[in-house]
Structure formats: structure tokens, C-alpha cells
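Trainee: Could you take me through one part of this model slowly? I would like a close look at a single chain, starting from its strands and going on to a helix and some backbone details.

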Amino acid sequence: MTRYEAVVGLEIHIQIETASKAFCRCPNVYDVPPNSAICPVCTGAPGALPVLNEEFVRRAVAFCLAVGARVNLVSSFDRKNYFYPDMPKNYQITQFFTPLGEEGRLFVIGVDGIERPIRIERIHMEEDTAKSAHLGDRTLLNFNRAGVPLIEVVSHPDLRSGAEAAQYFKKIYDIAVKYLGICRGNMEEGNLRCDANISVRPVGSDNLFTKTEVKNVNSFAFIAKAIDYEVERQIAVVEAGGTVESETRLWNPRRKQTETMRKKTGRNDYRYFNEPDLGPLRLTSDFVEEVRRTVPELPDAKRRRLKERHHLNDELLDLFVGYPAVAAYFEQAAEHYPAGGRTIAALVAGELLRVEDKEHFDAVRTPPEHLASLARLLDGKRVTGPQAKDLFALMRETGKSPTELVSSDARFRQMAGDVVEALVREVVAENPEVVEKYRNGKESLLGFFVGEVMRRAKKAANPVEVTEMVKKELTRQKK
Amino acid sequence: MEQLGIAQIYEAITARNGTLNAYLHVVPRERLTGGEGPLSGVCIGVKDNIAVSGLPLTCGSKFLEHYTAPYTATVVERLTTAGAVVVGKLNMDEFAMGSANTYSAYGPCRNPWDITRVPGGSSGGSAAAVAAKMCDVALGSDTGGSVRQPAAYCGVYGYKPTYGVLSRYGLTAFASSLDQIGILARRPAHIRTVASHAAGFDERDATSIVAPSFSPTVSSLRGMRIGVIGEYEAKMGNAVRDAYERCLDTLRSGGATIVSLSFPEYEQVISVYQVVATAEASANLARFDGIRYTVRADAGSFRDLIAESRGRFFGAEVKRRILLGTWVLSRDYYDSYYLRAARVRTVIFNRWRRFFEECNLVLMPVTTDIAFRLDEVPDPFSLYLEDLFTIPANLTGMPAIAFPASVHRRMPIGLQIMADRGKDALLFDVAEWLEEHFADFTFIERGCSHDAV
């Protein structure tokens, strides 16, 4: 029986956050009354002309560099002609003949667990359209969105599953929203929009079969499901001896399936030609280098470095790669205690993120050097785990450093070893029947002794050490 | 700058606009807002494809019948800031497509010299208003000769600047890479003055340039080299050739050297122009869809609405050019038409660059003959061929000025001089020299005495 593989490419539109729109001085805002951020240029009034926003270029270039794309020093602006009610000029200014960026790539972990590059074919700048709303039999147009800067990121058809596509999309999201901060990242508002081109072919074949386009799979929740559904559907069509029809489909999240939106009849002809109102975009290599200096370390590099430097597990690496601000905090703390990376990371994940929102991370109430000191006290067994929890809370409450708190607060006095040992003997001696049961094989009762000792020690003992002592005592008595 | 005065201008408008149909809209005299400044009191008429906030902007089309411009073009804004007064909006061929002003949806404009004849186009209203003293200066637009040809037909000066000298912000686009706002006046010095106030880099137009100086550069023709293109001689009618040769004699006697040039691509300019201009126009005019801009055909789906509206509110010539432009850009014909035209345009540009290594100016005809009669307007294709002499300045972005040269059968004949990019001031220098030295000049005054015709 023939086995099939999925061939998937994504086209991702990213709204770029700038002060003004792509080609006019209107504010690039979304939370204002309809048609209040518009002008002759973005409404396409006769005689109005586009002028390119430099900050838009800067941010688009930063994105190109972040995904390792080549930045063309000369790129073209072109008109894409088609009639649509939400298109003010009935052409869109885009970059068709020569895009700003080409040949980028990002890595995903494939189904086989192996990291694979996904090639990015092109990254180009363009303008968003107006937004239409339907009110009964009327259509209302809001031009606030018209002219909002967009970049479109087109991948090669290198993705082989919904899961890979979801990873790739998430990575693009993280880079644009969290690393570069060039996109607000609100999916409901359409800040990032994703269309998938999907086809299937027999494994081993190099041919590309008829593809369908699934529109608006811009949700982390359903991008993988939508693609996997569509792949299965196409395989079923082919195996039943049918042919996949070229069409645009939509994911119906309620019925969990893709559905026909429109058939693609004939070829679209957008009659592209160079935009005479703008001319080619010419960048100097100095400009590109200047932008490069503003691009931070990116997810793939960050993961590799943190893993090597601090030997963190995948869960912690995912956390830090997904939340660069949290990672930055972690690294600041680690500078104060370079050997304590794993303990610091555990404290960040286990304590700090219990009280701080990783989405809007801002840990001003816990200076990183304090967290580093806390890790040092833990590693040096100066405080116990439960004590560390209390200490953490107290640190935040008082703003004092943990070393200061430990020396001044009686609660963090640690019992001397012989005192703890005396407690252990006491507890064992007082519970002969439990000791009896334990010796008869009920080893889970070990916890009873440890818990009782800890309670009497009022947390001023190390539970690991107490466990060892209890075991030793029980063994000793047996002899 | 000398001026006619508001009273005299409104008298002329009252007396003659009913017949000539030069103005589509006249600002009521009591609403004129005269400013202070170097152009104080200068009355300008504005072609109706240039936006003036609060005034109509019909572009000669039914599509914009009830449309009011929501903002003011940079060029108009600069002139009014300098004190000039906008008197009204001038008739034109629909969306500046035409050579006789007969494609206006608001009726043809007539030539003040002979109302049975056309004023030329597409800036027919601009040329007629200047010739009939219904304004001091008029703004027009020149995409393939639309300022210079009507200037020649109406016996006035018509200037097409170096591309980028006058901001296009506010000029309804026909063919963006060719369009320039132009200035028409009865004296070249007026154009120089007005241009110097209107020109300059505009941050709202990415194709605008830092304007060259308009100050006089030469006071005599001694040492000047003036080019003539051999291929053009066979294309001129007798009356035009006669004026052309007398003009050459005058230039020679002033000390200029005449240089012969060969322009093998002289006929290709028409094909290149038709492809480039219609292609750009097909996109520029796509925004007129019945959804905005005040008029709409009743229809069900939005596709029907667009098709119906465009079918009903565009005139035949505009539709013809949109269809042609859509065709040359379509996927299967892009390479053989649009791309090839763009390449030949580069060849033509390089040819003219070399011309200006050999000479300072080129003297050229503007038209083959005097203005034709309204009832003898040629068919569209023959009209396209009439642009032979004016298109090179648009394809190359180089400046040119048409000037009155002669009178034949009581109708004016114009010629033009063209210069390299940025040499606009030299055009004014030589036009002013010709105004002083070239024979047969007083006809402008005679022209205005034809009021009774």
C-alpha cells in the first residue's frame, strides 16, 4: 500500500507595530472609533501619494535578519491589482518582483525527533486592507486598518505535519512578538494571520500534487488540527481514486473539519508592475548593520547556549526560550552565582513564576542577586527547601536579602545535627507499634517518621538528612 | 508680477465662459480669499484634476460629479501661501485622457481664437482661460503633452517641468511615472515666477526632487548649441515648418549654433507611451468603483456594483485606455508589451541624454498644424499619433516649454524647446529671449481681440 506524506507551506502575515502607518502619517492604532485614523492617502483619495515609513523598513529588516534571511539592498515596490471592497485603491502596494528578504530558515523538531531546517522563501513588505463589517444587508467599511504595515513570510513547502507547522508558526510568533517586539501579537485582532498551502504525495515522490489553501489557521489551538485534518482528507480522496480539487478552504472549529470556501477557477492574474509612486527601495549596508546590532539573540541560539552553559532540562529550556524576559532575569541571577544555574532555574520556575506573570514578566520586587543568594543558601544546605519557600516570601515582603534574613530571623536558625538526631530517636522510641509495622515490610511508613520529626523541628531541619537519620535509626534498632 | 486684476478677470469670465466652457466651476467673487505675499493678487485657474480643498474635483468625469476635494494639492497650497488666489476649476478631457478637450463629461471647451475650433487637450480649459484672460496663470497637467499642445493651440506658454520639480501630491494620477503638473501663462516670466514658488521637495511625494534654481543663467544665445531632429521635418505641416525655420533663423542670428540630431526611435515613442501610460492608468483609475466618491450604480453583488458603475460613469476614451492597460499588464502579455515598452523607454532616455551631451536645447514642433475644428476631431487612433513631438519629454522626465511662434489663418502656432533634466531655468531664459526677439509676437494681443467671434 502506498504511504503518503504531507507537503505544507505557510504564508504568515504579521502586522508591524509602528507609530504611523506604512505609507502615511496616520497613527497605527486599533482601539479608536471606526474611521478616525484615516487620511487621503490610506483611503485612496484621488491625488494622494504613498511615502514609505522608515521605521517599518527598520523592523522588517530586523525580522529578515532574525530568521537568517538575506536582505536585498535593492528591493521593489509593486502594485497588485484586484478589486475588493476593502481595498481603497483596488490595488495593494506590495513587493512582488524583488522582496526585501530571501532565503531564511528556522528549525523545527520533526516527527522523528530530529531537528530539521524549514526554509523561508521570501519576506516582503505590504499594506493591510480596510476591514468590512456586515450589518444586515449593508456592508460597513472601517479604514483604520487600511495602510497598516504588514510583512508576509512565505515558507517553502518543507513542513511535513500539523505539529511541525504549529512549531514553525510559534517560532515566528515568538520572534516577532517576544524577541523583536515588532508585533502586538493579538491573534483575535488579526495581528498575525496564517494561511496554509497543503498537498499530499506518495512518500519518496518529488512531484507536487494539487494543493488546497486553508485560510486563517491563525491559532495555536487549531493550526495543527486543521492541517492534519486536511492532510487526512486529501489522502482519503486520493486513496478512493479521486483527485484533490484546487480550492480555498476554511477550518470550522465547531465541526472540527475544513470546509470549502471557494473553488479556484482559472488563474488569478494580479497584473503586477512596479509602483511608480515609490520607486525601488535602496538600503545601504550600513543601515542593515545598524539594524543587525539591535537584533537580540534568537530562540535557537538561546536554547543551545543555555543548555551548554547551565545543563538545564528541556522543560526549563522551553520556558526560557518561550519567555525571553524570564530568561534575561535568570541569566542576571546566574551571573551572581555562576555554578548555581540549575538551582536558580528551579527557583525561577517553582517560586518566582508562582507570583509573577510570565506573559508580562517584571520581577522588580525580587532582585536577581537575592534569588542567586537564596540558591546559594539552598545548595550549601544552609536552609531547607521549606525554609527557602518562606524565605522567598519574606524577601519579597521586606525587600531584604536572604542572607540578611537568615542571620536575623530566628525561624531560619538551623538545628544542630545532634539535636535533630535526638528528635529522631525520640520519635522512634515513642511509636513502637509503627516501628513494628515498618519492620514487617510497610516501608511507606518511613514518611510518617520523617514528617513527625520535621514537625517537631519546626522546619529547621533538612528533610533529606532527616530521612537518612530515620532509616539509620530504624536499622540500628533492628540489630 | 504684473496681473490683470480680479475685476477684469471676472468680467472676462462673465463675458466669455458661457461660450468657451473653460471653467467648470468658478469661485464666487465674494468668496475669494486673497493672501499677502509675493504672488498677492495673482489669479490662478486650476485644472479640475488638481485638488483644492472644498472645491469640486470632477477630473472631467461623471464619476466625480458630486465629489469635493478633502484636501489641497501641495502646488496649490504653496501658491496660495505666497498670496495667489484660486479663481476656479478648469475643463479638461476626462481624467486627462485626450488631445482636444472633447472627452470632457461636461461638454467641450472652445478655442478663444475661434470657437469652432478645439483648444487642445487635455488641459484645454487651462489654455483657453489663459488665452482669454480669464486668469493670470493656469495650472494644467502634462502626461504626454497635455499642457504644451493646448498652449500651442491657444497661443500661450505652457511649461512641463523636469519630473519631480512640481509635487504631484493632489494631482489625480493618470500615469504616475509620466504625470507632471504644468504651468500656462501669457508670458514666460510669469511661469518662471510661479514655478519658483510652487517647486521644491515635498515630503508627501516620494518622487519629488529638490528643485533646481530658476534664476536666469544666460542673457544671450552666444555659444549656445541648439539641436534639431531630422526625422521630425517630414512630419510637420507647412505652416508649422515655416514657423520652425524662421525660429531657427532667429536663434542662429542670436549667436546659437544649430546641431543636427538623429532620433531613430522617434516613432516608437507613441507605442511606448501608449503601453506605459495605459498600464499605469488601469491601476490608477481602479479606485473609481462606485463604492466611494459619490456615484454608484444599483446592483446586487459588489462585483456587479463595480462593473455597472464603471460601465456607466466612465467615458468611452477612458474605458478604451483602461482596457488596453489591463491587457498589456496581463500575465500572458506582460513581457511582450509592458516589459518591452519599459526597456525601449530606457533606450529613448539614453538617446536623449546623449543629445544633451551635444547640445543645450532641442527645438521641436508641438503639433503638426493649427488647432482642428470641433466638427473635424480625428478618430482616437489618429489623435494618439498627434502626440509624437510632445511624448519624449514625458518618457525622459525632461523639461520642455511650448511658446507662441506664429499665426496662420488667424490661428496660433506654437513650438517647444526641451532641455536636460534640471535645466528648467535655461528654458525660461531662451523663451524670454524669443519673446523679445522672435518676430510676430504681438499676436497674443490680437488673439484677445477675437472675443467677438
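**A close look at chain B**

Mentor: Let's begin at G227(B), whose bridge partner in β9(B) is V362(B). Please keep in mind as we go that this is a predicted model. G227(B) also has a bridge partner in β8(B), namely V259(B). With those two contacts in hand, we can look at the strands themselves. Strand β7 of chain B, residues 225-229, pairs with strand β8 of chain B, residues 257-261, in the parallel sense, and five bridges hold that pairing. Strand β9 of chain B covers residues 361-365; β7(B) and β9(B) run parallel too, joined by two bridges.

Now for the helix. Helix α9 of chain B takes in residues 302-313, twelve residues in total. From the first C-alpha to the last, α9(B) reaches 16 Å, close to the 16 Å expected at 1.5 Å a residue. Which residues of α9(B) are buried? They are I306(B), S309(B), R310(B) and F313(B). Viewed down the axis of α9(B), these buried residues fall within an arc of 95°, so they line one face of the helix. On the face turned away from that buried side, you will find the exposed residues R303(B) and G311(B).

Next, some backbone details. It helps to recall that most residues other than glycine have a negative phi, and most peptide bonds are trans. Against that background, have a look at the peptide bond from G121(B) to S122(B): this bond is cis, with omega near 5°. As for where to find it, S122(B) lies in the loop between β3 (85-90) and α3 (124-131) of chain B.

The other backbone detail is at R410(B), a residue other than glycine whose phi is positive, near 60°. R410(B) sits in the loop that runs between β10 (400-408) and β11 (411-418) of chain B. Is R410(B) buried or exposed? The answer falls in between: R410(B) counts as partly exposed because 13 other C-beta atoms lie within 10 Å, whereas a residue is called exposed at 12 or fewer and buried at 20 or more.

If you want to retrace the route on your screen, start at G227(B) with its partners V259(B) and V362(B), turn to the buried face of α9(B), and then visit the cis bond from G121(B) to S122(B) and the positive phi of R410(B).

Key:
Residues numbered from 1 in each chain as written. Chains lettered and ligands numbered in written order. Predicted model: local features only at pLDDT ≥ 70, side-chain atom pairs only at ≥ 80, totals over all residues. Helix = DSSP H or I, 4+ residues; strand = E, 2+ residues; numbered from the N terminus. Expected span 1.5 Å × (residues − 1). Arc of directions from axis to C-beta. Pairing = 2+ DSSP bridges.
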